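Here are my notes on the model you sent over. Have it open while you read, and take the points in order.

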Amino acid sequence: MLPFIIAGLVSGAVYGLAGVGLVLTYKTSGVFNFAHGALATIAAYAFYFLHVQHKVPWPVAVAIILAVVGPVVGGMFAALAKALANASLAVKVAATVGVLLVVQYAFTIIYGTTQVRTVPPYLPTNSMTLFGTQITAEKIIVFAVALILTALLYLFFRWSRMGMAMRAVVDDAPLLDLAGTNPSRARRWSWIIGVEFATISGLLLASFVPLTGTTLTFLVIQAFGAAALGSFTSLPVTFIGGIGIGVVGALATKYFTGSVFEQVPASLPFIVLFLVLLLFPKRWLQVRSAARPASRPTWVAPAPFQLLCGVVVVVLLAFVPSWVGFHLNDWTLALTSVMVFLSLGLLVRTSGQVSLCQVTFTAIGAAAFSHFAVDMGIPWVVALLLAGLVAVPIGALLAIPAIRLGGLYLALATLGFGIAVSQMFYTSGSMFGALGFGLKMPRPSWLGLDSDEGFYYLCLVLAVLTALFVIALSHSRLGRLLRGMADSPLALTTNGATVNVTRVLVFCISAFIAAIAGSLAGMVQFTVTGDNYQPLTSLAYIALIIIVPGGVPWYAMLAAFGLSVLPSYIPSPDAGNYLQIFFGIGAIAYALRSASATDAVPAWLRELLDGIFHRPPFTWRPRTATMQVAADSDAPRVQPANLAVDGLCVQFGGLVAVNDVTIEAESGRITGLIGPNGAGKTTTFNSCSGLNQPTRGHVLFDSKDVTRRGAAARARRGLGRTFQQMELFDSLSVWENVAVGAEAARAGANPVRHVLPRMTDRRRVDDATVRALELCGLAEVADASVGGLSTGQRRLVELARCLAGDYRVLLLDEPSSGLDRAETLRFGEILTDVVRQRGVGILLVEHDMALVNDVCDYIYVLDFGRLIYSGTPSQVMSSEIVQAAYLGGEVVIDDRAQEGAELQEETPR
């Protein structure tokens with residue numbers, strides 16, 4: 001056992017060292033470096049080039065790499081991370097994946113894949129005996145170097161000025177800047193140190209493994225598991241976690257060899273990663289705030305033009321077999337790739353979920369189809385559908401990290417899942433078999449579809465049907481919910497949709513389409529093995545899906561034909577490798593583009609197409625009649641409702657944000673909630689709407705205790721809200737934003753209603769949307785993108801979204817912020833009109849005391865989390881307690897209210 005433990009300590013120490021560098025750069029920059037393993041590859045190949053090929057003494061070669069290569073690459077990554085500071089998660093992932101693709105395929109081109117290249121041991125190889133086991137000095141040195149460097153970094157963090165600056169930049173970069181230390185400099189040094197750690201890992205592993213474009217990339221990616229055990233924050237725990245993974249993996253090699261668990265050791269880091277993301281408490285996995293997804297293009301080609309282009313493309317594709325000759329199978333593969341990219345686009349482009357295992361779903365579909373059609377003799381069509389259905393529960397399983405944590409952790413979980421499946425199951429009988437002969441993939445034997453030409457037309461029909469399905473889905477209720485979820489899951493939740501159901505649905509649909517596409521791709525080649533479905537191909541997919549322009553289905557067509565058809569026409573064995581490098585560079589360039597970049601389509605072309613196809617700006621063509629009918633009818637009054645908070649106490653650690661607060665808001669009147677900075681108003685709001693759980697006390701709605709119910713469930717009962725920092729769906733139009741307020745609760749937690757609305761829903765949603773838009777004066781901008789509106793208009797859109805829903809009590813958190821005086825007066829009129837016409841109740845947190853005094857029927861006053869006064873506006877404005885706590889004892893509140901003074905405040909979250 002001891003030899004295995006020693007081997008595990010050595011490899012685990014290197015994993016831990018690489019993991020420490022990864023955590024360091026992620027903590028300080030917010031960019032998780034998926035190319036971290038590629039940095040080790042650069043170091044190992046640089047050492048091979050200097051020491052093996054050019055006979056440079058190994059100490060000199062190591063010194064050159066550490067003194068030149070590491071700092072230069074670290075500086076480049078620091079610049080990239082700085083450019084990515086405000087980018088969306090998908091763009092950050094694509095940029096670092098782009099670096100990985102460039103490194104991997106560049107070395108593949110330079111050194112090829114036919115010759116196995118190795119670095120001979122360069123450290124001392126003399127051995128000593130410990131408890132009867134031979135241990136080489138090389139292994140002792142490797143372990144010692146990793147341990148000492150991690151300890152030195154820990155001490156550097158604790159005691160040096162720059163180390164403290166690196167820790168401070170994580171918590172509050174602006175405050176560090178005010179203290180006289182440049183945050184960019186601290187981050188730059190963090191990247192240099194982190195890259196040096198990856199570089200050292202590559203040097204330490206160079207003589208232990210053969211050099212290929214992927215070997216070290218895979219080995220050092222195992223640092224992800226160590227980083228996960230350290231909760232992506234703790235450097236010492238990350239290092240210890242790496243050692244633990246190494247030791248357990250080595251012992252598993254001893255005891256699992258020859259058993260069904262034989263492949264577990266190689267996949268252990270990814271199993272650990274997935275289990276951590278599934279089982280660790282959320283508070284242990286700190287989620288850094290991420291930028292919102294980038295807004296979609298503000299201009300979309302007219303629908304008639306897109307329809308015409310679609311017909312032309314299909315006709316051209318129908319004539320492909322008549323002129324492509326022996327390239328026909330490449331075009332068939334491209335059609336199956338169109339389906340794969342459409343499935344991935346549902347996740348990445350439509351719903352904002354970053355998945356790095358789409359190729360794994362295609363592999364699962366291909367293997368399942370072969371077992372169903374060949375081994376079980378199931379008819380072809382049934383076998384194909386069953387292959388797609390097999391992937392559905394797996395897609396639902398992968399949605400769990402998205403439900404628990406979302407964002408980056410979902411990307412990590414899917415990458416780990418893809419690699420683990422390839423290492424554990426590709427060679428098993430459940431997938432492609434251990435002998436490497438591959439699986440037979442029969443084509444349908446009827447109507448000549450088993451020929452290359454017949455099968456091409458079958459794939460063309462299925463690709464067109466898939467494209468039509470995805471287009472229809474993107475314009476359906478589920479499509480709107482998915483796009484809303486990409487922009488603001490919080491807003492979608494507080495409008496009544498159960499976001500977890502939405503996430504599971506999109507993963508299941510995406511997995512089904514990808515599995516069908518994988519089965520068809522396998523039939524093009526008649527026989528498939530695991531080599532046809534390498535997990536790193538998923539990284540090329542994510543780069544392509546980000547950089548390729550166009551909407552559905554154009555991005556899928558461009559990506560598919562660039563990946564499958566173009567290489568077949570380039571007379572070079574390295575054509576595919578060069579294209580992968582091009583994709584990687586494209587992903588990096590896309591991430592570095594100016595944040596103010598305009599639409600890719602020139603203005604003159606947009607105007608020309610809009611003119612030819614007669615698209616006037618901001619029209620309500622499909623809804624004009626509905627709008628007129630709805631606007632002329634009386635808005636229905638809501639059922640009476642009552643929101644009550646009884647003895648509410650909210651505590652965050654040792655901070656008591658709200659203490660024993662009791663308030664009430666009834667339908668038919670406006671109730672104010674005011675207080676100075678840090679009074680706890682937004683915390684109270686969040687407890688009312690279900691965004692945080694109170695430590696003590698109860699929240700009642702219609703006399704029913706809803707304290708333990710989630711935000712979506714409360715919204716469906718009739719409790720709506722707006723946010724101090726607006727939560728809008730920036731990629732949707734004004735109409736679509738407001739419509740979600742009426743539609744989200746109708747979808748609710750029912751997966752069927754997410755996909756298939758009731759027959760009467762469309763008319764009701766349209767009528768409610770029209771009324772809300774008319775009431776808020778937004779009819780003229782109904783077709784405009786919300787992302788391009790002014791702050792005042794955006795505030796009105798958020799209010800209109802609430803008014804479109806079946807809400808009986810509205811929680812409005814500083815809704816006039818950003819409005820000028822005229823807009824604020826109009827806003828107050830809207831609120832009083834809503835209460836008078838519809839009978840809703842409003843609980844209003846507001847900093848504009850003139851607005852509070854004008855519209856509120858009753859006011860509660862908080863100070864330091866406690867209720868200090870309540871009464872009518874006149875009573876509150878004349879109260880000495882309120883004056884002392886809120887404005888100061890000498891201030892005359894009524895005079896300030898008449899002048900429209902705005903008292904800005906910040907509230908605890």
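**Notes on the predicted model**

1. Start with the aromatics, bearing in mind that this is a predicted model. Ring pairs tie Y26, F32, F34, F224, F232 and Y409 together into a cluster. Across the model, the count comes to 23 aromatic pairs.

2. One pair worth a look is F32 with F232, which is edge-to-face, at 5.9 Å centre to centre and with 70 degrees between the planes. The two residues are 200 residues apart: F32 is in the loop between α1 (2-29) and α2 (36-53), while F232 is in the loop between α10 (223-229) and α11 (235-256). F32 has 5% relative accessibility, so it counts as buried. F232 counts as buried too, because its relative accessibility is 1%.

3. Rings also meet charges here. R349 puts its charged end over the ring of Y555, 4.4 Å from the ring centre. Likewise, the charged end of R801 sits over the F729 ring, 5.0 Å from its centre.

4. Now the sheet. It is open and has six strands, in the order β10-β11-β12-β7-β13-β14, with mixed pairing. At the edges are β10 (719-721) and β14 (866-871), each pairing on one side only. On average, neighbouring strands are turned by 20 degrees against each other, direction ignored.

5. Zooming in on one edge, β10 pairs with β11 (809-813) in the parallel sense over three bridges. There, G720 stands opposite L810.

6. Finally, the helices. α27 (681-689) packs on the sheet, touching β7, β10, β11, β12 and β13, and its direction makes about 150 degrees with that of β11. Helix α33 (821-838) lies across β7, β11 and β12, running at about 135 degrees to β7.

Technical notes
Residues numbered from 1 in each chain as written. Predicted model: local features only at pLDDT ≥ 70, side-chain atom pairs only at ≥ 80, totals over all residues. Heavy atoms only, no water. Phe/Tyr/Trp six-rings, centres within 6.5 Å; stacked < 30°, edge-to-face > 60°. Helix = DSSP H or I, 4+ residues; strand = E, 2+ residues; numbered from the N terminus. Buried < 20%, exposed > 50% of the residue type's maximum accessible area, 1.4 Å probe, protein only. Lys NZ or Arg CZ within 6 Å of the ring centre and 35° of its normal. Pairing = 2+ DSSP bridges. Axes fitted to C-alpha atoms, helices over the stretch in contact; angles between N-to-C directions. Contact = heavy atoms within 4.5 Å.
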